[in-house]
Amino acid sequence: MAEQPWILEFSEIGIGDVPLVGGKNASLGEMLQQLGPLGVRVPDGFATTAAAWRHFITATGLTGPIRAHLDAMGDDLTKLSETGAAIRRLILNAQMPDDLADAIARAYTALEQKTGRTPLDVAVRSSATAEDLPDASFAGQQETFLNVRGANAVITACQRCYASLFTDRAIAYRIQKGFDHMSVALSCGVQRMVRSDRGASGVMFTLDTETGFPGAVVINGVWGLGETIVQGEVEPDEFVVFKDGLRRDVPNPVISRRLGSKRHKMIYGRGEPPTKVIWTTHAERECFVIDDAQAALLGRWACQIEDHYGRPMDIEWALDGLTDELFIVQARPETVHAREAQGSLRVWHIDNPPEPVVTGIAVGSSVATGRVRIKRDPEDDTPIEPGDILVAPMTDPDWVPWMKIAAAIVTDEGGRTCHAAIVARELGIPAVVGTGDATTKLHDGDLVTVSCAQGATGMVYPGEVAARSETIDLSDAPETNAHVMVNIGSPDAASKWWALPADGIGLARMEFIVGNLIGVHPMAILHPDRVDADVQAEIARRHAGWDDPVTWFVEQLAGGIARIAVTRYPDPVVLRTSDFKTNEYASLVGGSAFEPVEHNPMLGFRGASRYIHPAYREGFLLECRAIRHVREQMGLDNLIVMIPFCRTLDEADAILETMAEAGLERGKNGLKIYVMAEIPANVILAEEFAARFDGFSIGSNDLTQLVLGVDRDNDLLASTFDERNPAVKQMIADLIERAHSNGRTVGICGQAPSDHEGYAEWLVQQGIDSISVNPDRLMDVRKRVAATEAASQDPQ
């Protein structure tokens, strides 16, 4: 067997060389060779090998002493700190063998000559031979050194990487995973630095790290070097990129952007230390670190990397501020969702929660209750018991022993890719990161409930809040002729329920997006002269990062719609245009200046009549701009538009004309426009409405209210409000028959199929085309629909 080399250039190694150079370096070599020709840029470099590590500990006589320390400790973690420190001292105090030092120096000089930069600034990263396997990865196992210049400094950095093979956390991790300490070797990757200290850097995943949704690339980015994002020191910008849109080369596959605070950045230092952290400027905080074109390029590279490896990936990127070029600096398998069993979905629910004490970015989807334990440093003497809630400014690998004890983690700083988030996912516990003020608003010993059950925003509630979980079996989802779809109120809910075996989304509510993501009345944006200075200031605060408030409104609305539509692509997603009542519109920022006071808003200025009225037509045109952007720019052409509360044929004609003026012409680019069947007139004039719209969706709540003349919000009449009333059922049956006679589909998106036993079965017997229900009822209704269809085909 030939003797293994001590040094290999990245161009000489591939993914099959993990035993020789570790996962990080093998992946860098693989991408440089296999994906470089496809346009994926990877900075060049070289790696010291496992053979070099073994030569180091043999030539220095360290093998025996290291093994003796480890044998003395065994599995007794009370001796971990003492043992780790002793081994690291042995390695750092040893003399690097001359022959190995010379080999590293020669490789560094060759890299300088290849790049034409002297002295060349490089990153020196640790790459252990047992890390980054599909079932084993942990944040911050070994050390990384940035802005290392000169051969002697590189040699020193390599020796420090060697010592980091025996950090306390690395030793504990190997014990936990069952890896033999002496069988794990350490390779050092020496890579040309990308000048992201003058630009930006970040992390991206080829799936949604919280839900496992595989249809998008999630990109996080900060100013400066990437250590601040990994360490959780800053809240990063976030971009979500539509994978299928990338593959179809749509004009703009970036479906959403969120501006992070980015209060700090890491840049080059002068001398020692080689890097330093400084405050960002106000302009940097209110500006995205990359533009949409750069986000799309990163997303395209991420898809190429994922396709090459055949698995979800966790990727680090950097933007060179001197050349404006993007690079991939690391790629490794995503491990949390890769290990999750398929076939079931566990969801948590909190009913009627109180106001949260603090909010932040949710990590995971579960709930935990416990006592607050505030630790500002991992070395302080604050005790943490099993079940406590760890609250900290931020975390790094030194916090891991405390994190393993905690029931949940809450931090002031950080984003979805920070250390606390990564470790929380590994441990399977909820975390709320980037709160900004948890360590000041929460108090040691307080009983709190940490909830990540409501989507992307994590909540910390006072006291013990009742929570329940359910596991939904997805393995037995029968096929049905009638489409069984799901009702979705928000982008977070769409992400949460993406794995449900639904045939699409039968009702997506635009008003929920406006209320939760934007919160501003569109007319207040268009007519700032009609609102007071405080409202104008609040609107200005909200659209930070965008050129103007109109662009912000349209892009935020488009992003919310897209995040719903992407979870079901290419299955149909039916979007109802905003159906706020006047009192609900008035509650938006600036809304009171534009809304009348109505005694019965349910029957008032809403739906189609509102969209074509001069008091709101301009606002509706903004909605149309957002819809068009989603369909034509983002490529989510599975989006169907649905008009609510269309009272007359004249209204129908006017609304279709208005939409066409805004570029949403029925039939153009495959656009379908539905109408809500929730007014008796929609049924009485079914043929005429069918001539104008592509389909009907029954809103059983409003239809029942108007057929029976019952105010559905009146408790005194609650017993009379019943979708099972023969008059209501006759209306529905008539609509299905007459719509089908005119070649139009009919669905239902009301509560009746979920709430009333036998209702879904009756709808199937009438020939309904689709039934859309709340997510937690979908599996039950699907099985009932399948059984009814099977029974109708039984010859007996």
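Me: What does the protein chain contain in the way of helices and strands?

Reply: In this predicted model, the protein chain has 31 helices and 30 strands.

Me: Why is the protein chain called as compact as a globular protein of that length?

Reply: The radius of gyration of the protein chain is 30 Å, and the globule rule gives 28 Å for 796 residues; the two values are close, so the chain counts as being as compact as a globular protein of that length. Taken along the principal axes, the C-alpha atoms fill a box of roughly 95 × 55 × 55 Å. Buried residues make up 58% of the 796 residues, and of the contacts with a separation of 6 or more, 70% are between residues 24 or more positions apart.

Me: Why is Gly221 called buried?

Reply: Buried means a relative accessible area under 20%, and Gly221 has a relative accessibility of 0%, so Gly221 counts as buried. This residue lies in strand β7, which covers residues 216-223.

Me: Which residues is Gly221 in contact with, leaving aside its neighbours within four places in sequence?

Reply: Gly221 is in contact with Ser201, Gly202, Ile229, Pro236, Asp237, Lys262, Val289 and Trp317. One of these residues, Pro236, is 15 residues from Gly221 in sequence, and the C-alpha atoms of the pair are 5.2 Å apart.

Me: How do you know whether Asp324 is buried or exposed?

Reply: The term exposed applies over 50% relative accessible area, and the value for Asp324 is 54%, so Asp324 is exposed. Asp324 is found in the loop between β12 (313-319) and β13 (326-333). Not counting residues up to four places away in sequence, Asp324 touches Gln294 and Leu319. Between Asp324 and Arg195, which are 129 residues apart along the chain, the C-alpha separation is 9.4 Å.

Me: What makes α23 oblique to α24?

Reply: Helix α23 (residues 617-633) and helix α24 (residues 649-661) pack at an angle of about 60°, with their axes 10 Å apart. Because angles under 35 degrees count as roughly parallel and those from 65 to 115 as roughly perpendicular, an angle of about 60° falls into neither class, and α23 is therefore oblique to α24. The crossing of these two helices is right-handed.

Me: Which residues of α23 and α24 meet, and how many in the contact are nonpolar, polar or charged?

Reply: From α23, Arg617, Phe620, Leu621 and Cys624 meet Ile655, Thr658, Met659 and Glu661 of α24. By class, this contact has 5 nonpolar, 1 polar and 2 charged residues.

Definitions and conventions. Residues numbered from 1 in each chain as written. Predicted model: local features only at pLDDT ≥ 70, side-chain atom pairs only at ≥ 80, totals over all residues. Heavy atoms only, no water. Helix = DSSP H or I, 4+ residues; strand = E, 2+ residues; numbered from the N terminus. Buried < 20%, exposed > 50% of the residue type's maximum accessible area, 1.4 Å probe, protein only. Contact = heavy atoms within 4.5 Å. Axes fitted to C-alpha atoms, helices over the stretch in contact; angles between N-to-C directions. Parallel < 35°, antiparallel > 145°, perpendicular 65-115°, else oblique. Left-handed = near helix turned anticlockwise from the far one by under 90°. Nonpolar A, V, L, I, M, F, W, Y, C, P; charged D, E, K, R; others polar. Rg over C-alpha atoms; globule rule 2.2 N^0.38 Å.
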